[in-house]
Amino acid sequence: MLAATLIFGAATFSPAALAVFVVTTGATLLLGHSVGFHRRMIHGSFDCPLWLERTLSWFGTLVGMSGPFWMIRAHDLRDWAQRQSDCHDYLAHRRPMLVDAVWQMHGRLELERPPAFDLARIGRDPVHRFLERTWMLQQLPVAAVLWLMGGCGFVIWGVCARVSISVIGHWFVGHLAHRRAPQTWQVIDAGVQAHDVPWAAIPTMGEAWHNNHHAYPGSAKIGLYPGQSDWGYRFIQLLERLGLAWNVRKPEGMTMRHTQLETAR
């Protein structure tokens, strides 16, 4: 994807292709990665109809990092490891930026005794299982539609450039969010603390308020304070008004979590 973008991106660029890139990237990151995979399927921060969960899962798969099962397991492994007092550098993003980039985007950590995670209902769902098996192939119908709409330029910018920036951006913001940046909270006894990355709040749909997320990981609302943009939560609010989301969790209802936090020094 990145090679195709670098080789053909300039030659196929147009204002229309740029618009396709912006719209498809925003849609997959908002509907799929932020709301579907992260807030719904990983943390269960709201409930919704099964058809909507499956649709959001498809958008998440289109981001281009993996299918739903790998995303859940990778997130849960990292979350488990960062709560330990001694977290592996791979899972803590402790190494220098270039080393971490190679590790995260081109490597895989194999544990001798990994923790077991039960995917439960999601793991048995036939649509999620299909998306997990075919996650790379899911780009093909999108590419076909874009080809019919605008030819090669739409495919390069709507698929190749979109997937490239989403994968690289996910690593880059994740790396910064575990290094050194603003903090409001610290999780007591956790080996790795998170930081907010304010400039990335809009392109990540609110996910960049990572310190808030570590403080209240089950909350559908991640931008907790005035001025903290959180388009993911705004979309969930829209679903709630339409009757398509319920049991939406927020920090004020997570009273037990307060005892595990302290103000950042």
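Select D79 in this predicted model: the residue is partly exposed, with a relative accessible area of 27%. Then add R83, which also counts as partly exposed, at 45% relative accessibility. The two residues form a salt bridge whose closest N and O atoms are 2.4 Å apart. Both belong to helix α4 (residues 68–83), and because they are four residues apart there, about one helical turn separates them. Salt bridges with shared partners also join R40, D47, E53 and R121 into one network.

Within that network, display R40 and D47 next. Their salt bridge has its closest N and O atoms 3.3 Å apart. R40 is buried, at 12% relative accessible area, whereas D47 is partly exposed, at 25%.

The structure as a whole holds 12 salt bridges. For another of them, select D230 and R39, where the closest N and O atoms are 2.9 Å apart. D230 sits in the loop between α11 and α12 (231–241) and R39 in helix α2 (residues 15–42), so this pair ties together parts that are 191 residues apart in sequence. Both D230 and R39 are buried.

Move now to helix α11 (residues 210–215) and select H213 within it. Is H213 buried or exposed? With a relative accessible area of 5%, H213 is buried. Which residues is H213 in contact with, leaving aside its neighbours within four places in sequence? Show H38, H43, H75 and I222, for these are the contacts of H213 beyond that range.

The cysteines are the next stop. Select C152 and C160: the sulfur of C152 has its closest cysteine sulfur in C160, at 8.2 Å, which is too far for a bond. The cut-off for a disulfide is a pair of cysteine sulfur atoms within 2.5 Å, and by this rule the count comes to zero disulfides. C152 itself is partly exposed, with a relative accessible area of 38%. For contrast in accessibility, select C87, which is buried, at 3%.

Turn next to the surface and select L2, L6, I7, F8 and I168. Together these residues make a nonpolar surface patch of about 500 Å². Which helix gives the most to the nonpolar patch? Helix α1 (residues 2–8) does, with four residues. I168, also part of the patch, has its place in helix α10 (residues 152–176). I168 is partly exposed, with a relative accessible area of 32%.

The last stop is E110, in the loop between α6 (97–106) and α7 (120–124). E110 is exposed, at 57% relative accessible area. Add R108 to the selection: the side chains of E110 and R108 make a polar contact at 3.0 Å. Finally, draw a distance between the C-alpha atoms of E110 and S14. These two residues are 96 apart along the chain, and their C-alpha atoms are separated by 43 Å.

Note on methods. Residues are numbered from 1 along each chain as its sequence is written. This is a predicted model: local features need pLDDT of at least 70, side-chain atom pairs count only at pLDDT 80 or more; totals for chains, interfaces and linings use all residues. Side-chain values use heavy atoms; hydrogens and water are left out. Helices (H or I, at least four residues) and strands (E, at least two) are DSSP runs, numbered from the N terminus. Buried means under 20% relative accessible area, exposed over 50%, partly exposed in between (1.4 Å probe, protein chains only). A polar contact is a pair of N or O atoms within 3.5 Å; within protein, one must be able to donate a hydrogen and the other to accept it, and residues adjacent in sequence count only if both atoms are side-chain atoms. Contact means heavy atoms within 4.5 Å. Patches are made of residues with over 30% relative accessible area and no salt bridge: like charges are joined within 9 Å, nonpolar side chains (Val, Leu, Ile, Met, Phe, Trp, Tyr) within 5 Å. Accessible areas come from the Shrake-Rupley method with a 1.4 Å probe; for residues, only the protein chains shown count as cover. A salt bridge is a side-chain nitrogen of Lys or Arg within 4 Å of a carboxyl oxygen of Asp or Glu.
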